[in-house]
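Reader: Before we go through the side-chain interactions, I would like each label to be justified against its cut-off. Could we start with a charged pair?

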Amino acid sequence: MVEREQVKPFASVTLGGVRSSDDDEALSMEMQLRKRRYIQCCGCIAALFLILAVVVLVLSLTVFRIGDPLIRLNSLTIQSLDISTNGSLQSTRVNLTLLVDVSVKNPNAATFKFDNGSTTIYYGGRVVGEGVHFQEKIKPRRTLRRNVTVEIDPVKFVDVPGFVTDLMVAKRLNVSSHTRISGRVNIMNLFKKHVVVKLNCSMTVRIPSNGFHGEKCKPELDF
């Protein structure tokens, strides 16, 4: 009996190794692509924050720069004046009311809010009268102008040494005023500033013209 050769089939060749290599290469490329996208995303975010910081810096130095409010004494006039000697220089009495015209300019892009301010009148280095500036708001880049009535205390006025000589002989009174206004500027809750504006003025009132002459004013700022 003739034995037939048994032909055994060849073992199937698998391409598993080749496919594994391709998968690794594809995975590596995907990881590199993800890394590149991540770096690009971080770069864009960093650039955005940098641009935002530059914009804020530019605005803070230009549009949103907080400037100092400006105060000005426009005029100081005598609203009423009554001098009574009663036949004796020592019994001289003075009833004097002053009208102070003050303006405050807000150079900022936001509202300037200030609390109650005051104007104090001095004669002979003593306080003889005071007027109140009530709290107010000044719109951006606007000027607020207000008149303040100052009642002079006749007792304090007459008690100043040399008053009778100034009134009857020199016929002039050297007085000074001190105006103080404190407030704050707030821009979008990002830029805030508290300012105290002061204005010191000295002047001479001539009698009987009842006018003020030689006004000299010096503004001051406190932060």
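Reader: What makes the meeting of the Glu136 and Arg146 side chains a salt bridge?

Author: The N to O distance for Glu136 and Arg146 is 3.3 Å, and since a salt bridge requires a side-chain nitrogen of Lys or Arg within 4 Å of a carboxyl oxygen of Asp or Glu, the pair qualifies. It links distant parts of the chain, with Glu136 in strand S6 (residues 136-138) and Arg146 in strand S7, ten residues apart; here strands (E, at least two residues) and helices (H or I, at least four) are DSSP runs numbered from the N terminus. The model is a predicted one, in which local features need pLDDT of at least 70 and side-chain atom pairs count only at pLDDT 80 or more, while totals for chains, interfaces and linings use all residues. Residues are numbered from 1 along each chain as its sequence is written, and side-chain values use heavy atoms, with hydrogens and water left out.

Reader: Why is Glu136 described as partly exposed, and where does Arg146 fall on that scale?

Author: Buried means under 20% relative accessible area and exposed means over 50%, with partly exposed in between (1.4 Å probe, protein chains only). Glu136, at 28%, therefore counts as partly exposed, and Arg146, at 41%, is likewise partly exposed.

Reader: How many salt bridges are there by this rule, and what is the evidence for the one between Lys193 and Asp68?

Author: The count comes to four. For Lys193 and Asp68 the N to O distance is 3.0 Å, which satisfies the criterion, and this pair joins Lys193 in strand S9 to Asp68 in the loop between helix H1 (16-61) and strand S1 (70-84), 125 residues apart. Lys193, with a relative accessible area of 22%, is partly exposed, as is Asp68 with 27%.

Reader: How do you know that Asp101 and Arg145 form a salt bridge, and is Asp101 buried or exposed?

Author: The closest N and O atoms of Asp101 and Arg145 are 2.6 Å apart, so the distance criterion is met. Asp101 belongs to strand S2 and Arg145 to strand S7 (residues 143-152), which places the partners 44 residues apart in distant parts of the chain. With a relative accessible area of 8%, Asp101 is buried.

Reader: What joins the side chains of Thr97 and Glu151, and what is it that Thr97 touches?

Author: Thr97 and Glu151 are joined by a polar contact of 3.1 Å, a term for N or O atoms within 3.5 Å where, within protein, one must be able to donate a hydrogen and the other to accept it, and where residues adjacent in sequence count only if both atoms are side-chain atoms. Thr97 lies in strand S2 (residues 93-105) and is buried, with a relative accessible area of 10%. Leaving aside residues up to four places away in sequence, Thr97 touches several residues, among them Ile78, Val150 and Glu151, contact meaning heavy atoms within 4.5 Å.

Reader: Why is the bond between Cys201 and Cys217 called a disulfide, and what is its handedness?

Author: The S to S distance of Cys201 and Cys217 is 2.0 Å, and because a disulfide is defined as a pair of cysteine sulfur atoms within 2.5 Å, the pair meets the definition. The torsion about their S-S bond is about 115°, so this disulfide is right-handed. Cys201 sits in strand S9 (residues 191-206) and Cys217 in strand S10 (residues 211-222), 16 residues apart. Cys201 is buried at 4% relative accessibility, whereas Cys217, at 39%, is partly exposed.

Reader: How do you know that Cys41 is not bonded to Cys42?

Author: The sulfur of Cys42 is the closest cysteine sulfur to that of Cys41, yet it is 5.8 Å away, which is too far for a bond. Cys44 is also in no disulfide, the nearest cysteine sulfur, that of Cys41, being 6.7 Å away.

Reader: How many aromatic pairs are counted, and what makes the Phe112 and Phe114 pair tilted?

Author: There are two aromatic pairs by the rule. Phe112 and Phe114 have ring centres 6.0 Å apart and planes at 35°; rings of Phe, Tyr and Trp (its six-membered ring) pair if their centres lie within 6.5 Å, and planes under 30 degrees apart count as stacked, over 60 as edge-to-face and the rest as tilted, so this pair is tilted. Phe112 is buried at 0% relative accessibility, and Phe114 is buried at 5%.

Reader: Why is the pair of Tyr123 and Phe163 called edge-to-face?

Author: The ring centres of Tyr123 and Phe163 are 6.4 Å apart and the planes stand at 85°, so the pair is edge-to-face. Tyr123 is in strand S4 (residues 117-123) and Phe163 in helix H3 (residues 163-170), so the pair ties together parts 40 residues apart in sequence. Both Tyr123 and Phe163 are buried.
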